[in-house]
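Please work through the exercises below with the sequence and the model at hand. Each task is followed by a solution in steps.

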Amino acid sequence: MAIVKHLHPEASDSISNCQLGIPANNHVTVSFVDAGIPNSLDVTLDPPIKDVSDGYKRILALRNEAWLALGVIAENNPSQPPRPQVRTFVPPPLNPSGFLVALIILQAYTILTPAHSRYAGLANLIRGTVTQLVGAWFLPFSVVILIGAHSIEAIYMYLLCNEHRVPTDAKVKYVLATVCVGFPALQEFKAETSRLRIEAMHKTAKGR
């Protein structure tokens, strides 16, 4: 995002979904969404790169140069990425979070509802279908995978919150959201840090 903001200053503050293409001989393409409109920026690599690895090293150098030009890092520490402080909790989007929560509830209902319960009709149907198609092992295994994956993601979210100096109340909400829905909460947190970073770049540019 820093490269886009530095080399394409007319871009708005709502840049998102920046994706780096594979470096070619003398250029690399950065695709991004600006105010909801897909766009791209062709960055010239001069002199031409030797290989893809050299290309990525050159891009890292361009990123540091962009950070320095935008004033978001100190000249004596160009490799240190900016860490904007996240002060408030931003909930993950309903899509796909709502779908994932519904899926988890359905999973819990299917596994926990006794076979002879009056409410076990759908649960028995799902259990029978899964057992027939995959095997009886799948439902308990899916619980282990779910708990393990969301636990790892929650720990990662906790570490990210510490890096970005998130207040305790917001940190608890971010971690709990990650426990519940997993990746969408992480994605939303990273989107918020990117938005704050771009906002800091914009303020710095205005002050020059």
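The exercises treat confidence, the sheet, the helix packing and two backbone details.

This is a predicted model, in which local features need pLDDT of at least 70 and side-chain atom pairs count only at pLDDT 80 or more, while totals for chains, interfaces and linings use all residues. Residues are numbered from 1 along each chain as its sequence is written, and side-chain values use heavy atoms, with hydrogens and water left out.

**Exercise 1. Confidence**

Task: State the mean pLDDT of the protein, and identify the helices where confidence is lowest and highest.

Solution. Step 1: pLDDT is the predictor's confidence in each residue, from 0 to 100. Its mean over the protein is 81, and 82% of the residues reach 70 or more.

Step 2: Helices (H or I, at least four residues) and strands (E, at least two) are DSSP runs, numbered from the N terminus. Confidence is lowest in helix H1 (residues 2-7), with a mean of 68, and highest in helix H6 (residues 168-181), with 94.

Step 3: Over residues 74-79 pLDDT stays under 50, and the model has six contacts beyond four places in sequence for this stretch. Contact means heavy atoms within 4.5 Å.

**Exercise 2. The sheet**

Task: Determine the order of the strands in the open sheet and which strands stand at the edges.

Solution. Step 1: Two strands pair if DSSP finds at least two bridges between them. The open sheet has three strands in the order S1-S2-S3, and the pairing is antiparallel.

Step 2: Strand S1 (15-20) and strand S3 (37-44) each have a single partner strand and stand at the edges, so one side of each is left without a neighbour in the sheet. From one strand to the next, the twist averages 25°.

Step 3: S1 and S2 run antiparallel and are joined by four bridges; Ile15 stands opposite Asp34 in S2. The hairpin from S1 to S2 passes through six residues.

Step 4: Strand S2 (residues 27-34) pairs with S3 over eight bridges in the antiparallel sense. Val30 has Leu41 of S3 as its bridge partner, and Phe32 stands opposite Asn39 in S3. The hairpin of S2 and S3 has two residues between the strands, and Ala35 in the turn has a positive phi of about 55°.

**Exercise 3. Helix packing**

Task: Describe how H3 packs with H4, and how H5 packs with H3 and with H6.

Solution. Step 1: Two packed helices are described by the angle between their axes and the distance between the axes. Axes are lines fitted to C-alpha atoms, for helices over the stretch in contact, and angles run from 0 to 180 degrees between N-to-C directions. Angles under 35 degrees count as roughly parallel, over 145 as roughly antiparallel, 65 to 115 as roughly perpendicular and the rest as oblique.

Step 2: The axes of helix H3 (residues 94-112) and helix H5 (residues 138-163) come within 11 Å and cross at roughly 140°. H3 is therefore oblique to H5. Their crossing is left-handed; a crossing is left-handed if the near helix is turned anticlockwise from the far one by less than a right angle, and right-handed if clockwise. On the H3 side, Ile104, Gln107, Thr110 and Ile111 meet Leu139, Ser142, Val143, Leu146 and His150 of H5.

Step 3: H3 and helix H4 (residues 121-133) pack at about 90°, with axes 8 Å apart. H3 is therefore roughly perpendicular to H4. Leu106, Tyr109, Thr110 and Ile111 of H3 make the contact with Gly121, Leu122, Ala123, Ile126 and Arg127 of H4.

Step 4: H5 and H6 pack at an angle of about 160°, and their axes are 8 Å apart. The two helices are therefore roughly antiparallel to each other. The crossing of H5 and H6 is right-handed. Among the residues in this contact are His150 and Tyr158 of H5 and Lys171 and Tyr174 of H6.

**Exercise 4. Backbone details**

Task: Locate the cis peptide bond and say where Arg165 lies.

Solution. Step 1: The cis peptide bond joins Asn95 and Pro96, with omega about 20°. Pro96 lies in helix H3.

Step 2: Arg165 lies in the loop between H5 and H6. Although Arg165 is not a glycine, it has a positive phi of about 55°.
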